[in-house]
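Got your viewer open and a hand on the mouse? Let's take a walk through this one together, one selection at a time.

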Amino acid sequence: MTAQTDPQGTSWWRRNQMRAAPWLFLAPGIAFFALYVIIPIFQSFQISLYRWDGLGEARYIGLDNYDQLLDDAAFYTSLMNNVKWLVLYLLAIPGGLFIALFLNQQVRGIRLYKSLFFFPFVISQVVVGLVFAWFYNPSIGLLNPVLDLFGLGPMNVLGNPSTVTYGIIAAGLWPQIAYCMILYLTGLNAVDPDQVEAARLDGAKGLKMLWYVILPQLRPATFIAVVVTVIGALRSFDMISVMTNGGPFGSSRVLAYYMFEVSLSEYGFRMGYGAAIAVVLFLIMLVYIAFFLWRMWREEREG
Amino acid sequence: MQSIFKGVAAGLAMTTLLAGAASAELGGDLRIFFDDQNPAPKAAIEGTVERFQAMHPDMNIELTLIDREANKTQIRNYLTANAPDINGWYAGNRMRPYVEAGLFEDVSDLWDGQLGEELASTRAAMTIDGKQWGVPYTYYQWGIYYRQDIYEELGLTPATTWEEEKANCQVILDSGRKCYTIGTRFLWTAGGWFDYLNLRTNGYDFHMALTAGEIPWTDQRVRDTFANWRELLDMGAFIDDHTAYSWQEAQPFMVNGEAAAYLMGNFVVAPMREAGLTDDQLGFYQFPEITPGIPMAEDAPTDTLHIPAQAENKENARAFLRYMASAENQGIVNETLGQLPVNRNATVPDDKFIQAGFELLSNAEGGIAQFFDRDASAEMASAGMQGFQEFMVLPDNLDAILDRLEQVRQRLNAE
């Protein structure tokens, strides 16, 4: 470590270990984060400037891939679906809150009920997708007999371009609501009983109690729920892949799936184009990530 | 990754003398990646390896079975890193990306002489830039599989012309059934319909030029094909909600008698029989003529074996391909597969549908196409089949669909 001699007999290490130690501990993490996250981001930027089939020679074409994106109807469909996912997926938060409030009581066997409600989050997304695909199946699925009971016509949810994305989002909400529920349940444990008591003495109850007393105390839980839900919405790849393969005729694709389809799927040989989609998706996420980091930083400072 | 053959040979050495006479015994290693884990193909390749091992007892053969769908994406990895000596793939344009990237070995030498003559029917499909890049081991016909008993009940006979086909369909519809079952969730089944409608409307040469990207998708002749398709769509000939089903999920409609026919490859016969249809109930007929006088062409996808350019034991691999393509082995393999041997000297299995297919393809004067997604380039195939599915659901979108396909074609041609 140190070759220089110094009069006090203290080495470089001794003098600097307080400052060096955190970096040493961070080093493996930083190295792998750089190797698997940071560097690939720049590689994606670079590949997006080329025409490359993943096998032969890559040819530099400047911004042509981005130019084509602007004319690509499939790109706009995917973008629009991403927006639908982002907005509708947030329904998991009030849904989870509602169930958590409902389950936050002392009844015999409440732990069992809680675990049953949490169950869908434990199953793999792929399995959830499969189960819902069967549920929606127009010839053998449960959905149509149920609709029939209410006198509603048969539906081909996953085969109809105008309903397919909503069908997949509904499937995605099932585990996501369970996740938000568990976040709120733990949050409710931390709610201060004295405050509730005081509010009650002041005559607060029902929705007012919820809005002015409980919810402010649940803010940390709400923040985490928003974060995981937005992330969940943006990485909604697996369910689409399992339930529809992006179909019918591409109407349920999101950007992540479209990127996979053009570059890595059975007929996908356009690495450059896929990379360009990835860059656009990255830039969209960057807005959100920046907001998230800014809030974290602000709270740290206030804290 | 399933089975490894090491020295299985010992007990089987007796069958060798017949076929082994031509080549000397070889030693060393041979690694085979075969792209099918289904029971029949698995038995077929394992049988071939056993017989080949018996001819070359000192060879260390390692057989790896890869899932058919997984192979379609894994091939890029294993051809570029740690390549096997032999891998399974498909004929036609489907092999072009790998040929052009220099990842397949030129095996034209195997096609010189007698073997090449025996395999002549697929020479064109295996040729890119005047060279051959693999050998075929099986192919199968496409056509209309139909419920004979329903046809008899309604007093129908299989159509030979488009007018008859539509008239039959109307009778079937009037009896409360659908004419055709189909599941377009994975798109390619719609490609089969387009292939046949286009082959019958415009003929083989037009179809091949279109899939090769030489003809605009907005051409009037392409519109004619879609107009014929639209006649069936307007009648309500296809089952409802087909976008939700895979080709397997579409079978019960035919088995239950809710639909009378299925345009499909011969691989549909085995599951239909398993589902309980007897050979008296299940029939087969050629897709009927549409434009009179156009020679009948057929779809007959060919499955193939190739030698990766980076293979380490190319001599052994060549010996294996030569054996795989031989008349003797193709007879045995296709008996197991329930499909057609490519080698014209091989015995054709004694089965109603295979014999019908043999008859059909031997008389295919128009020519033999591979399949839409093997004749067209990967991107064109993907965009095309999505367009076909959209057309089947929203036929009024035809103009937008054709414009989009034309856009893809022009971009591909420009690249």
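Which residues does A:Ala233 touch, not counting residues up to four places away in sequence? Select A:Ala233 and have a look: the residues are A:Trp85, A:Leu86 and A:Tyr89. Keep in mind as you click around that this is a predicted model.

**Stop 1: around A:Ala233**

Colour helix 11 of chain A, residues 219-234, and you'll find A:Ala233 in it. Is A:Ala233 buried or exposed? With 22 other C-beta atoms within 10 Å, A:Ala233 is buried, because the cut-off for that word is 20 or more. Now add A:Lys84 to your selection. A:Lys84 and A:Ala233 are 149 residues apart along the chain, yet 9.2 Å separates their C-alpha atoms.

**Stop 2: the annotated stretches of chain A**

Next, select residues 74-292 of chain A. An unreviewed UniProt entry annotates them as "domain: ABC transmembrane type-1". This span is 73% helix and 0% strand, and its end C-alpha atoms lie 29 Å apart.

The UniProt annotation "transmembrane region", also from an unreviewed entry, covers several pieces of chain A, among them 164-188 and 273-294. Try those two. Residues 164-188 of chain A are 100% helix, with 36 Å between the end C-alpha atoms. Residues 273-294 of chain A are 100% helix as well, and there the end C-alpha atoms are 32 Å apart.

**Stop 3: where the chains meet**

Show both chains and select the contact. How many residues does each chain put into it? Chain A gives 19 residues and chain B gives 22. On the side of chain A that touches chain B, you'll see eight nonpolar, eight polar and three charged residues.

**Stop 4: chain B as a whole**

Hide chain A for now. Chain B holds 20 helices and 13 strands. Its radius of gyration is 22 Å, close to the 22 Å that the globule rule gives for 415 residues, so chain B is as compact as a globular protein of that length. Spin the C-alpha trace of chain B: along its principal axes, the trace spans about 65 × 50 × 35 Å. Of the 415 residues in chain B, 49% count as buried.

Now give the domains of chain B two colours. Domain 1 is 8-139 + 302-345, and domain 2 is 142-299 + 365-414. Their C-alpha centres lie 31 Å apart. Where they meet, 11 residues of domain 1 of chain B are in contact with 10 residues of domain 2 of chain B. The domain 1 side of that contact divides into four nonpolar, six polar and one charged.

**Stop 5: two loops in chain B**

Zoom in on B:Phe104, in the loop between helix 4 (96-100) and helix 5 (108-111) of chain B. B:Phe104 is buried, with 24 other C-beta atoms within 10 Å. Leaving aside neighbours within four places in sequence, its contacts include B:Tyr98, B:Trp133, B:His306 and B:Pro308.

For the last click, pick B:Gln310, in the loop between strand 12 (302-306) and helix 15 (314-325) of chain B. Why does B:Gln310 count as partly exposed? B:Gln310 has 17 other C-beta atoms within 10 Å, and partly exposed is the class between 12 or fewer and 20 or more. Then select B:Leu79 too: B:Leu79 and B:Gln310 are 231 residues apart along the chain, while their C-alpha atoms are separated by 7.2 Å.

Technical notes: Residues are numbered from 1 along each chain as its sequence is written. Chains are lettered from A and ligands numbered from 1 in the order in which they are written. This is a predicted model: local features need pLDDT of at least 70, side-chain atom pairs count only at pLDDT 80 or more; totals for chains, interfaces and linings use all residues. Domain bounds come from an automatic or database domain assignment. Two residues are in contact if their C-beta atoms, placed from the backbone, lie within 7 Å. Ala, Val, Leu, Ile, Met, Phe, Trp, Tyr, Cys and Pro count as nonpolar, Asp, Glu, Lys and Arg as charged, and the others, Gly among them, as polar. Helices (H or I, at least four residues) and strands (E, at least two) are DSSP runs, numbered from the N terminus. The radius of gyration is taken over C-alpha atoms; the globule rule is 2.2 Å times the number of residues to the power 0.38. UniProt positions are given in the numbering used here, feature names are shortened, and annotations may be inferred rather than shown by experiment.
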